[in-house]
Amino acid sequence: MDIHEYQAKALLHEFGMPIPKGGIAYSPEQATYRAMELGGEKWVVKAQIHSGARGKAGGVKVCASENEVMDAASAMLGRRLVTNQTGPGGKLVGRLYIEEATDIEREIYVAFVLDRAAERIVCVASAAGGMDIEEIADTEPDSIIRVEIEPAVGMQDFQAREIAFALGLGAAQLAEAVKALKACYRAFRDLDATMVEVNPMVVTKDGRILALDAKMGFDDNALFRRPQISELRDKSQEDPREMNAADRGLSYVGLDGNIGCIINGAGLAMATMDMIKHVGGEPANFLDIGGGASPERVAKAISLVLSDRGVSAILVNIFAGINRCDWVAEGVIQAMQKLDVPVPVVVRLSGTNVELGRQILADSDVRLETADTLAEAAEKAVEAAAAHEATLTG
Ligand code: GDP
Ligand code: MN
């Protein structure tokens, strides 16, 4: 799960990271009110969306008067901001963060991520922070600082100092930099984060360290024990298809093709996707129905897959291990009888009781195609989708 910049800043601040003063606004009037409240002469209006690279997309504006704050806020609120990370649909700007502007001396990049191979949290930093960090990582990979943290003892002061020196920070910033780096590390560890990124962390003209931007992601599987993090969820930033599925206890991955896939297990999803692509098709989505395949569950899955308007055929590919193919077959038939399914459905079953399952499908009078192998199923689904689309346009 991702959260907004202002939420990440508040969390990091609790762990000792210095941040500029700021406030949240839901309307242009509120934005100017916030600016007045903050005082000073310059403010930054920042679109709160779950994406970076807002600066280059018009989502970060430094303003020198209340009128400018009002105009910037009006221009951003209610629009969809398209960045190079959001995809063409962009993300809806529903709230703004208004901050006192900072006079920047230097922009630094700092992140904490999990290195799965090393089984360690690793701090990644660069003296060239700001908006072009991806480029730096490509062109000057050796300039990136990388320090692994020993889980038994956590981040040590000497490690934080080492990073600060490598970043070229002077004696004046050392103590503050150590505090800032350790704050990020502790927030990462104590809140079950999967990433903490501060880009830029700045040295101000008057020599202070501040987090000017912050991004945090969290481990979904640990949210049950972090209710204060779960509360920060902003559903307007998530794919509505994936959210609907999660609310029903199913996991859904939205893609851009035209074949809706109902499968059980992530491995089977990958294999199914590869096969569909191999025979020239594109999946529209994947719905993982997990261990059970009761008629209710299959019906829910089919209606969710159909709520995606791009779907022209459905491929049900189930490998029954704990499950049984005859139950899955019954589930599919009952779901098809209950729902009015407007697109062709191809079913491929494999595993426990497969003969019985296929027999049940063959004996039923619901309209569906069956296949014995995954390759055959994918081919049939691609053909059926094309045929269905031809009937719609023809
Ligand atoms: P991002 O583009 O989504 O990563 O948004 P950031 O919050 O990182 O802002 C983008 C850029 O705007 C930063 O790298 C800074 O150069 C600039 N910026 C943000 N806040 C301030 C500020 O208070 N003062 C000044 N001068 N520039 C700022
Ligand atoms: Mn940034």
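The domain assignment splits the chain into domain 1 (21-100), domain 2 (104-229) and domain 3 (240-393). The model is a predicted one. Between the C-alpha centres of domain 2 and domain 3 the distance is 43 Å. The largest pocket holds about 980 Å³ of space, and the second largest about 510 Å³.

**Largest pocket**

- Domain 1 (21-100) and domain 2 (104-229) both contribute to the lining, so the largest pocket lies between them.
- The lining of the largest pocket counts 44 residues.
- Nearest the centre of the largest pocket are Ala-53, Met-131, Asn-199, Pro-200 and Asp-213.
- Five strands and a helix each give two or more residues to this lining: strand E2 (43-47), strand E3 (60-63), strand E7 (104-115), helix H4 (133-139), strand E10 (193-204) and strand E12 (215-218).
- Strand E10 gives the most, with four residues.
- By class, the lining of the largest pocket has 20 nonpolar, eleven polar and 13 charged residues.

**Second largest pocket**

- The second largest pocket has 17 lining residues.
- Asp-220, Arg-233, Glu-238, Glu-242 and Ala-246 lie nearest the centre of the second largest pocket.
- Helix H8 (240-247) and strand E13 (251-254) are the elements that give two or more residues to its lining.
- Helix H8 gives the most to this lining, with four residues.
- By class, the lining of the second largest pocket has nine charged, five nonpolar and three polar residues.

**Helix H12**

- Helix H12 spans residues 354-363, and its buried residues are Val-354, Gly-357, Ile-360 and Leu-361.
- Seen down the axis of H12, these buried residues fall within an arc of 125 degrees, so they line one face of the helix.
- An α-helix has 3.6 residues a turn, so residues three or four places apart point the same way.
- Glu-355, Ala-362 and Asp-363 are exposed on the other side of H12.
- The buried residues of H12 pack against one helix, H11 (325-338), and two strands, E17 (345-351) and E18 (369-371).

Key
Residues numbered from 1 in each chain as written. Chains lettered and ligands numbered in written order. Predicted model: local features only at pLDDT ≥ 70, side-chain atom pairs only at ≥ 80, totals over all residues. Heavy atoms only, no water. Buried < 20%, exposed > 50% of the residue type's maximum accessible area, 1.4 Å probe, protein only. Arc of directions from axis to C-beta. Contact = heavy atoms within 4.5 Å. 1 Å grid on protein atoms, 1.4 Å probe; cavity = no way out; pocket = protein on both sides within 12 Å on 5 of 7 lines; lining within 4 Å. Points joined across faces, edges and corners; volume = space filled by probe spheres on them. Nonpolar A, V, L, I, M, F, W, Y, C, P; charged D, E, K, R; others polar. Domains from an automatic or database assignment.
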